[in-house]
Amino acid sequence: MTDVLLSESRRTDPATWWRQAAVYQIYPRSFADANGDGLGDIPGVVSRADYLAELGIDAVWLSPFYPSALADGGYDVADYRNVDPRLGTLEDFDRMIAALHERGIRVIVDIVPNHSSNLHPWFQEALAAGRGSAERERYIFREGTGENGEQPPSDWGAAFGGSAWERVEDGQWYLHSFATEQPDFNWDHPDVRADFLRTLRFWSDRGVDGFRIDVAHMLTKDLTEPLPSRAELEGLPHDGNHPLSDRDDVHEIYAEWRRVFNEYDPPRTGVAEAWVSTPERRARYASAEGLGQAFNFDLLVADFDAAQFRTIIADNLAQSAASGSSTTWVLSNHDVTRHATRYGLPALEGRPVKQGVEWIKAGGPEDWIDREQGLRRARAATLLLLGLPGSAYLYQGEELGLQEVADIPADRRQDPAFFRGGEFDGFGRDGCRVPLPWTAAGPSFGFGEAEAHLPQPASFAKYAVDVEAADPDSTLSLYREALRLRRVLQTDEQLEWTETGRADVLSFVRPNGWRVVTNFGTAPFDLGADASRIVLGPVDAGSLPAESTVWIAPAGR
Ligand code: GLC
């Protein structure tokens with residue numbers, strides 16, 4: 001009992017709650033629509049506060065809800081200190097914070113510092129003020145190449161396809177690492193630095209507990225001329241001096257942010273989305289002098305495979321212990337094919353994410369996918385993940401076992417990646433952003449009164465919250481029970497592997513004796529005496545069935 005109380009206080013301790021939190025990502029435009037315009041909104045989140053409390057999460061992370069023309073699903077921000085009028089008002093936001101805090105749920109918001117929307121007043125001023133103006137200095141404007149400057153300053157490509165440079169009316173070009181409507185900020189400019197400090201204080205003052213930092217590794221750039229070519233860039237090492245990515249000097253920014261976080265009691269927290277080359281480089285973002293935590297996407301890009309899981313888990317725990325932070329686990333988010341779908345597809349080049357892309361591009365053929373297997377593996381992987389030390393980031397809808405929607409007609413798609421190709425390979429990310437089904441009946445499955453902004457397939461009825469809540473064997477019931485037990489069982493941030501004699505069965509034990517066993521294989525695994533202490537997961541005549549996970553209570557409980 002003592003260790004139960006200990007872990008409970010650690011979970012609720014205002015300074016360390018994030019270390020082993022279960023954080024639920026809300027993509028606000030697709031969560032719940034309270035005003036019936038087909039778009040999810042902040043009052044929609046408030047209306048589902050009890051659902052979130054019952055789910056048993058510790059925090060929500062809200063993807064951008066700021067004013068935006070939605071050129072990139074809200075990651076094109078026109079005003080960093082306001083709420084999109086289609087999603088509500090600042091007063092609605094305050095009501096949401098109060099409703100969640102009342103239920104013991106903390107709130108993390110998304111900060112998008114690499115680029116703004118082209119509709120941001122600063123970018124509009126830069127366009128109006130013309131070349132050579134102080135206003136253009138806040139972004140990255142350059143003259144073109146070629147006889148009349150008609151060629152872009154370099155041959156760099158944007159992540160969503162096409163050139164990373166766009167020409168403006170007077171002939172200059174600006175840099176956009178993502179969509180054309182997302183001009184990159186110049187982080188050497190003091191106005192940019194000061195404005196983001198203001199934004200962090202603005203939301204912290206409103207009671208926000210933490211921040212998720214979008215493409216945190218990209219802010220600082222070395223744009224000394226001559227600019228390197230794309231091929232030259234690809235050949236450069238990622239050692240802290242790369243001109244565009246994961247530069248050492250980016251950490252000066254986060255050190256300053258940390259000082260702002262620490263002005264508050266309790267200190268605010270940060271989690272970096274940093275796509276960097278090694279776990280060591282990722283740890284720099286997660287340091288106590290920096291953002292505090294960084295996403296670890298290793299499981300998200302791994303196969304459902306015991307050896308891969310074991311290596312990833314061991315490496316990340318070692319790394320987080322060395323950095324003093326705690327690690328983060330992610331299987332799904334708003335940028336990738338949902339894991340219940342991914343795991344039903346045969347791995348391609350050893351990467352289920354890659355296979356998800358190919359499947360969607362092919363229109364989601366049914367004969368490629370084994371949906372039952374996908375869901376079985378997804379449940380097994382999630383139970384394993386929720387048993388690990390560190391925090392777990394869950395994406396809205398995964399608690400329903402929701403599937404990716406592959407067959408969205410082109411004229412209903414919204415993601416710039418679908419239209420422009422590029423790094424995301426033209427597959428688009430709309431399929432994991434389709435609004436949630438709350439009821440099996442009714443318009444837009446209870447999402448709202450109107451048709452949802454992305455079309456929901458008829459198959460969503462069987463994943464609806466009301467259907468799953470009534471079924472003790474549903475994925476929702478499994479998540480609720482797992483999150484409830486996790487609060488009791490979560491203990492010190494260590495694990496010890498137990499040998500199972502099978503390469504496809506992983507087993508580990510936490511310091512309080514809580515044991516997690518996952519069978520990645522197809523043959524049942526005999527649990528021996530442990531079978532009598534199972535608190536969660538399937539067991540069949542004393543054995544762990546294929547592709548499943550069980551939690552075993554500490555002995556003597
Ligand atoms: C991040 C976001 C993604 C967005 C991109 C540009 O990767 O997760 O959704 O498109 O940054 O802001």
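How many Å separate an oxygen atom of the ligand from an N or O atom in the side chain of Arg212? The answer is 3.1 Å, and the legends below start from that contact in this predicted model.

**Figure 1. Polar contacts of the ligand with Arg212, Asp335 and Arg429.** Let's begin at the ligand. One of its oxygen atoms lies 3.1 Å from a side-chain N or O atom of Arg212. For Arg429, the distance from a side-chain N or O atom to a ligand oxygen is 3.1 Å. At Asp335, a side-chain N or O atom sits 2.5 Å from an oxygen of the ligand. The ligand on its own would expose 310 Å², and the protein buries 98% of this area.

**Figure 2. The shell of 14 residues around the ligand.** Now look at the neighbours. Asp72, Asp214, Glu273, His334 and Asp335 come nearest to the ligand. Sorted by class, the shell holds seven charged residues, three polar ones and four nonpolar ones.

**Figure 3. The second largest pocket, with a volume of about 430 Å³.** Its lining is made up of 23 residues, of which Arg371, Gln403, Ser459, Lys462 and Tyr463 are the closest to the pocket centre. Helix 13 (371-386) and helix 15 (465-469) each give at least two residues to this lining, and helix 13 has the largest share, with three residues. By class, the lining of this pocket has nine nonpolar, eight charged and six polar residues.

**Figure 4. Two cis peptide bonds that lead into prolines, at Pro226 and at Pro266.** Here are two backbone spots to check by eye. The bond from Glu225 to Pro226 is cis, with omega near -5°; Pro226 belongs to the loop that runs between strand 7 (210-213) and helix 7 (230-235). Asp265 and Pro266 are also joined by a cis peptide bond, where omega is about 0°. Pro266 is in the loop between helix 8 (250-261) and strand 8 (269-272).

**Figure 5. Leu70, a residue other than glycine with positive phi.** Phi is near 60° at Leu70. This residue lies in the loop that links strand 2 (59-62) to helix 4 (90-102).

**Figure 6. The protein chain that frames these close-ups, with its 16 helices and 18 strands.** A last step back gives the setting. The C-alpha trace spans about 80 × 50 × 45 Å along its principal axes. Why does the radius of gyration agree with a compact globule? Because a compact globule of 557 residues would have a value near 24 Å, and the protein chain has 23 Å.

Methods:
Residues numbered from 1 in each chain as written. Predicted model: local features only at pLDDT ≥ 70, side-chain atom pairs only at ≥ 80, totals over all residues. Heavy atoms only, no water. Near = heavy atom within 4 Å. Polar contact = N/O pair within 3.5 Å; in protein donor to acceptor, adjacent residues only side chain to side chain. Areas by Shrake-Rupley, 256 points an atom, 1.4 Å probe, with all protein chains shown as cover. Nonpolar A, V, L, I, M, F, W, Y, C, P; charged D, E, K, R; others polar. 1 Å grid on protein atoms, 1.4 Å probe; cavity = no way out; pocket = protein on both sides within 12 Å on 5 of 7 lines; lining within 4 Å. Points joined across faces, edges and corners; volume = space filled by probe spheres on them. Helix = DSSP H or I, 4+ residues; strand = E, 2+ residues; numbered from the N terminus. Rg over C-alpha atoms; globule rule 2.2 N^0.38 Å.
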